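Me: Could you take a close look with me at one part of this model? I would enjoy a connected walk through its charged side chains.

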Amino acid sequence: VQLQAFGGGLVQAGGSLRVSCGASGRIFYVMGWFRQAPGTEREFVAGIIPSRGTTDYSDSVKGRFTISRDNAKNTLYLQMNSLKPEDTAVYYCAAGSLALTKRQSTYPYWGQGTLVTVSS
């Protein structure tokens, strides 16, 4: 099982960026994105149960970010619009088979992270 996140980069405040996560080895029931800014703990950003179309977002990104998955490509996406400097972080994709939660402990599989930097 391998998750690989990519697509991070530098973007100006107000701009958009899409990060992706390729999954190999199996199809996961639930997938999510977390992020970690310098000096802070890793936090939940968004999650999805693709088979049900169920999604959840943190309050800080609701209405600006959209999580989705292309089942044919087994790839998870996070479309980020109206980016703010406080969105600057390393973004990690995660996957599991239990439930859609905000707790890191329910996601046993993690990608290596991709850096998103939003300049003011």
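Is Asp 87 buried or exposed?

Reply: Happy to help! This is a predicted model, in which local features need pLDDT of at least 70, side-chain atom pairs count only at pLDDT 80 or more, and totals for chains, interfaces and linings use all residues. Residues are numbered from 1 along each chain as its sequence is written, and side-chain values use heavy atoms, with hydrogens and water left out.

Asp 87 is buried, at a relative accessible area of 1% (buried means under 20%, exposed over 50%, partly exposed in between, with a 1.4 Å probe and protein chains only). Its side chain meets that of Arg 35 in a salt bridge, 2.9 Å from N to O (a side-chain nitrogen of Lys or Arg within 4 Å of a carboxyl oxygen of Asp or Glu). This pair links distant parts of the chain, 52 residues apart: Asp 87 sits in the loop between β8 (75–80) and β9 (89–96), and Arg 35 in strand β4 (residues 30–36) (strands are DSSP runs of E, at least two residues, numbered from the N terminus). Arg 35 is buried too, with a relative accessible area of 6%.

Another residue to look at is Arg 64, found in the loop between β6 (54–57) and β7 (65–70). Arg 64 counts as buried because its relative accessibility is 10%. Among the residues Arg 64 touches are Asp 87, Ser 82 and Leu 83, not counting residues up to four places away in sequence (contact means heavy atoms within 4.5 Å). The side chain of Arg 64 also reaches the backbone oxygen of Ser 82 at 2.9 Å.

Note on methods
Helices (H or I, at least four residues) and strands (E, at least two) are DSSP runs, numbered from the N terminus. A polar contact is a pair of N or O atoms within 3.5 Å; within protein, one must be able to donate a hydrogen and the other to accept it, and residues adjacent in sequence count only if both atoms are side-chain atoms.
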